[in-house]
Structures are given as structure tokens and as C-alpha cells.
Amino acid sequence: MPAGLEIERKYLIRMPDEAFLATVQGASVANITQTYLVPAIPRQTERVRKSEKGGKTVYTHTVKISAKNIVRYEEENAISEEQYNEYLKRADKELSPIVKRRWKIPMEKGLYAEIDIYPFWKKQAICEVETETVEEAYTLPDFIEVMPGLVPKAIVRLKEELRLPVIAGGMITERREVEEAIRAGALAVSTSAPELWRL
């Protein structure tokens, strides 16, 4: 993707079978602890991550600024454990650290589906895909089941827990369903019904 830009779509999906994910060629998994910081600039989101994978621990510091819809400006740098602990002194006390297990699944065109599994969910997970451009098309692997967008309560919970923009999709066919998803906090709605594209 262009340097400094993050173009990312997120999906609410049915909880995958992790035993199956482990058999997917090229798949990898990491345990992540993500802590949001009190940002130095109000408009930006700032966080640190501790990622444990294959016996190695990697620490990163990330700053993001929303641009438009699914596009954000992003600056991410590897940091030392000492720097990580120093950043933690600026942790936002109103937000609990997020613990998740992330599966990275290869897709066509060199893309990846990143599936985040959270301890507070038993039936659902989050899948995200980053692309080079907003227009770039792709197809999720068949074993990833996008859940219906008709889950306003799930959208509210997702926004509260993760502080992430949400795109609702799946089985949305009526104007009322679009409006319910937007009222619940979804940034946008994905639907195959052309009559709903220009609401």
C-alpha cells in the first residue's frame, strides 16, 4: 500500500475452527496485547503492541489518523521492550488493554486475511484485509463466514471494546436495516442490493 496509508476493511465473522486454521498452508498465529495510549495530539489514535509469535516477542508503536472512510494515515515503528514499558506509562486508563490471538491467512494477489479472536467472544471474531487501493477487489476464503449485518448490539459492543471503525455486511436488503446498522455505530454498510447503494 502507499507509504503511510492504511486501507483496511473489517468484517464481523463467525468464530472459525482454529484447528482447521492451523492446517491452512502459509497460516501463522500470534498472541497480541494491545494498549491504547493517551494521544499526544487529540485527532490521532496511538497504541503499543506486544506480539508473541514462534517464541519471539516483537514490540511496536503505532500512530493513526483517520483520513476518509476506510483510509487512515499510519506510522508504525518497532521499539524495544524498554521503550514499550515507557510508553505504557501513558496508557489510557479509561480503556482496558486488548488481548487477542491473530491468525494471518494467505489470500490471492498477495493479500492476507487477518482473523482476530478475542477472549470475550465465543461465537464471533473479526477479520480484516488491507489493500493497496480503495478500489482493489478480493474474495475472502470460503471458510471465512461473514455474519449478517443485522446485529446492532454486536456493532455497539465492537465499537466499545475495540475503538475500531465497523463495516456491517451480510443479508442486508432493506433501507431499515441499513439505518439500524448506522445508528448502532457502523461506519458503512456493505450490501449487494443496488437499490441501497445511494441512500
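## A walk from an exposed loop to a buried charge network

Let's start on the surface: lysine 109 is exposed, with a relative accessible area of 59%, where exposed means over 50%, buried means under 20% and partly exposed is in between, computed with a 1.4 Å probe on protein chains only. Lysine 109 is found in the loop between strand 6 and strand 7; helices (H or I, at least four residues) and strands (E, at least two) are DSSP runs, numbered from the N terminus. The backbone has a detail worth a look here, since phi of lysine 109 is near 65 degrees, a positive value in a residue other than glycine.

Before going further, a word on the model: it is predicted, so local features need pLDDT of at least 70 and side-chain atom pairs count only at pLDDT 80 or more, while totals for chains, interfaces and linings use all residues. Residues are numbered from 1 along each chain as its sequence is written, and side-chain values use heavy atoms, with hydrogens and water left out.

Now step back from the loop into strand 6, which spans residues 98-106 and holds arginine 102. With a relative accessible area of 10%, arginine 102 is buried. Which residues surround this side chain? Leaving aside neighbours within four places in sequence, arginine 102 is in contact with Ser28, Val29, Ala30, Ile32, Arg49, Glu114, Ile115, Asp116 and Glu128, contact meaning heavy atoms within 4.5 Å.

Two of those neighbours carry the opposite charge and pair with arginine 102. Glutamate 114 forms a salt bridge with arginine 102, the closest N and O atoms being 3.3 Å apart; the term stands for a side-chain nitrogen of Lys or Arg within 4 Å of a carboxyl oxygen of Asp or Glu. Glutamate 114 lies in strand 7 and arginine 102 in strand 6, so this pair ties together parts that are 12 residues apart in sequence. The side chains of arginine 102 and aspartate 116 also meet in a salt bridge, at 2.7 Å from N to O. That second pair links distant parts of the chain, with arginine 102 in strand 6 and aspartate 116 in strand 7, 14 residues apart.

Aspartate 116 has a further partner: lysine 100 forms a salt bridge with aspartate 116, and their closest N and O atoms are 3.1 Å apart. Because lysine 100 lies in strand 6 and aspartate 116 in strand 7, the pair ties together parts that are 16 residues apart in sequence. How accessible are these two partners? Lysine 100 counts as buried at 5% relative accessibility, and aspartate 116 is buried with a relative accessible area of 1%. Glutamate 114 and arginine 102 are both buried as well. Zooming out, Glu8, Lys10, Lys100, Arg102, Glu114, Asp116 and Glu128 are linked in a network of salt bridges, and a search of the whole structure finds 13 salt bridges.

From charges we turn to nonpolar packing. Nonpolar side chains tend to be buried together in soluble globular proteins. A nonpolar core is a set of buried Ala, Val, Leu, Ile, Met, Phe, Trp, Tyr and Cys residues joined through side-chain atoms within 4.5 Å. The largest core here has 17 residues, of which Ile115, Cys127 and Leu140 touch the most other members. Strand 1 (5-14), strand 6, strand 7 (112-117) and strand 8 (124-130) each supply at least two residues of this core. Apart from it lies another core, of seven residues, among them Tyr36, Ile98, Trp121 and Met147.

Trp121 leads us to the aromatic rings, and the structure holds five aromatic pairs. Rings of Phe, Tyr and Trp (its six-membered ring) pair if their centres lie within 6.5 Å; planes under 30 degrees apart count as stacked, over 60 as edge-to-face and the rest as tilted. The rings of tyrosine 59 and tyrosine 84 have their centres 4.8 Å apart and their planes at 45 degrees, so the pair is tilted. Tyrosine 59 lies in strand 4 (residues 56-68) and tyrosine 84 in helix 2 (residues 81-87), so the pair ties together parts that are 25 residues apart in sequence. By contrast, the rings of tyrosine 118 and tryptophan 121 have their centres 6.0 Å apart and their planes at 85 degrees, so the pair is edge-to-face. Ring pairs link Tyr118, Phe120 and Trp121 into a cluster.
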